[in-house]
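Subject: Structure handover

Hello,

Here is the structure I said I would pass on. My notes on it follow below the files.

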Amino acid sequence: MPSDTTTLKGQPFARDQFEQLVKRRHFYTPSFDAYGGVSGLYDYGAAGTALQNNIVELWRKHFVLEEDMLEVDTTILTPYDVFETSGHVARFADWMCKDPKTGEIFRADHLVEEVLEARLKGDKEARGEKVEAEEDDPKKKKKKVKNIAAVKLDDALVQEIEEVLAKIDNYGGEELGLLIKKYDIRNPANNSELLPPVAFNLMFQTSIGPSANLPAFLRPETAQGQFLNFANLLEDNMQQMPFASASVGKSFRNEISPRQGLLRVREFLMAEIEHFVDPAGGKKHPRFEEVKDVELELLNRDVQLDGKTTVETTKIGTAVETGVVDNETLGYFLARIQLFLLKIGIDPKKIRFRQHMANEMAHYAADCWDAELLTSHGWIECVGCADRSAYDLTVHMKKTGAPLIVREQRKEPLKIEEWQCDLDKKKSGPKFKKDSKTIEAAVEALSQDLREKLSLDLVKDGKISIDVPGVNDGKVELSKELISIEKRTRLDTVREYTPNVIEPSFGIGRIFYALCEQVYWKREQDEARVVLSFPPAIAPTKVLIVPLSSNPDFEPLVRKLRLNLKKIGISTRVDASGASIGKRYARNDELGTPMGVTIDFQSIKDNTFTLRDRDTTEQVRASIDDITTAIANIVKGAEQWSDVATRLPKFEGQEVD
Ligand SMILES: Nc1ncnc2c1ncn2[C@@H]1O[C@H](COP(=O)(O)OP(=O)(O)OP(=O)(O)O)[C@@H](O)[C@H]1O
């Protein structure tokens, strides 16, 4: 699997150093470390939480605000019945296989992938080709699948394995079992054979209340809460379609083998949109025109069927026109997802959209594309964008009777010819007494076909017999004195339909991780100096304030500048430590702080400060007002550093260590 092994400056990417950095600077750390940690659980520190909040805030502006979405906050604890109806109880599972000797459990597709990738590496080594070093997982203190001895494989076998790997997400349990047998895949630690794959449901089960008689799950997605609020949401939107709801909140999945840090965890923040659209008319989107020229790297289903991973740069307008992407609304969101990812600083060369294969799609999906980001772990799905059709609303309505539909006044009433049954209630009431309501309901429920047939029976026999469960022996006779059945024309003025749902679903942790990797680099003059080049809008802290020394004369100026910036909502940190200016800047480059202000003796004299740019280390010098304006403009994206550097006088300060 191709992985990103260089930084944004083309330097070799050292994952272990990167991981030490994010831990040391408290972006995120394993939870409950003092107790030995729990796989798949992480805490975000101060820098990480600020970064995550800023990503989410930008997400809200980009989607919720821009598109007038209705944001809701629904509960995490969800009754069993909800997920039974949605199909998650039966199907939200991954395949695992067990080593019967040690009890060790593997996620079947991951094991096949790791072992086959290692064999391909072994083959490359045997052919004398360059092979990337395999990293150990320091946390687990054990080797991942070892570089299996350098063994040359048959050319045809190499091609076959490459094809299997390209389709690794598509295999079901039985197919994985066959692959394990075919390629003799065993426990890499002790070489013992494994039991065949079995399904493992990923939902955490619990129960609500002291008597524990209401079984429940921690939600694995926020979507169901939004669907079950559909009637209220439609009302909030004044019965207007299309519209979208959105939700940001924690979801939980009991992953079989959490791995790769934040990329596969058991508790994570999701930001999900449910866009409700009328299925009639090709799922058009009113704003598609605005994005139709956005170019995406598309890896479509057919290419993957051939075992390839070649992407094609395609305008989303063309992709929808040619049917590669199913409909405008899905296409609109793919383009908007890309624009969001670029806004937060994702490298445009490291985004692609991969279409799900038919058997890979979730049980509810009609078409699905993943936005994948390139990391040192390979291409990682960070946003799923699925057309869930009318699946969820339909099943919940069927189960509960809740009106999860749209009722729309028709412009032109529709003429409908139908068989109508008229039950004479004045006669049927006294005759059937307590059963009369049940019988009325049974008559109402008769299908059109049956009504037509019964109308003939009524003419022929003067009576009909219908099924009414629970009354008499399940059959009730109705004479022509009680019922008439006629074909009539009625005008239907209201159209009822179940909306389809297009769902962009963002895993904030995966985006966060991919972004941190992608903006990480080292200064050329000193490899120990690491920089995280977050765009100013999402950087955890925007401005570092550095008084030249701890001289109390600087304090009023520090206070004034902070106050100025706080007033306009810009976060600052002051570093008045004894370290050199250069060291203080370097410490904050590691945190991704985009700007630094130095206050020196000149500042006391003439109220001017220097402003430093993190990425170029260039500096300008200007009055407190000009500096404040420049910072505000850069944070809100109204100006780039290059604009400020042209506009304000340059300052040739040295970064002294
Ligand atoms: N275990 C996890 N840890 C972190 N993020 C996750 C996890 N599972 C899903 N996500 C995030 O939630 C998003 C939407 O979830 P979705 O159900 O589409 O994922 P998925 O297809 O099950 O992911 P995968 O195939 O990688 O398990 C994903 O794109 C991803 O960003």
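The chain divides into four parts by domain assignment: domain 1 is made of 15–91, 209–393 and 501–508, domain 2 covers 93–201, domain 3 covers 412–493, and domain 4 covers 541–647. Please keep in mind throughout that this is a predicted model. Between domain 3 and domain 4, the C-alpha centres are 82 Å apart.

The sheet with strands 5, 6 and 7

These three strands form an open sheet in the order 6-5-7, and their pairing is antiparallel. Strand 6 (105–107) and strand 7 (198–201) are the edge strands; each has a single partner strand, so one side of each has no neighbour in the sheet. From one strand to the next, the twist averages 45°.

Strand 5 (residues 93–98) is held to strand 7 by four bridges, the two running antiparallel. If you want a residue pair to start from, methionine 96 has valine 198 in strand 7 as its bridge partner. Helix 5 (residues 108–126) lies across strand 5 and strand 6, and its direction makes an angle of about 80° with strand 6.

The ligand

There are 14 residues around the ligand, and those that come nearest are Phe268, Gly384, Ser505, Gly507 and Arg510. Four elements give two or more residues each to this shell: strand 11 (267–277), strand 16 (378–389), strand 21 (500–507) and helix 18 (508–518). Strand 16 contributes the most, with four residues. By type, the shell divides into five nonpolar, four polar and five charged residues.

Helix 19 against helix 22

Two packed helices are described by the angle and the distance between their axes. For helix 19 (residues 555–567) and helix 22 (residues 624–636), the axes come within 11 Å and cross at roughly 35°. The crossing of helix 19 and helix 22 is right-handed.

Which residues in helix 19 and helix 22 meet? From helix 19 they are Lys560, Leu561, Asn564 and Leu565, and from helix 22 they are Ile624, Thr628 and Ile631. The residues of this contact divide into four nonpolar, two polar and one charged.

Regards

Definitions and conventions: Residues numbered from 1 in each chain as written. Predicted model: local features only at pLDDT ≥ 70, side-chain atom pairs only at ≥ 80, totals over all residues. Pairing = 2+ DSSP bridges. Axes fitted to C-alpha atoms, helices over the stretch in contact; angles between N-to-C directions. Contact = placed C-beta atoms within 7 Å. Left-handed = near helix turned anticlockwise from the far one by under 90°. Nonpolar A, V, L, I, M, F, W, Y, C, P; charged D, E, K, R; others polar. Near = placed C-beta within 6 Å. Domains from an automatic or database assignment.
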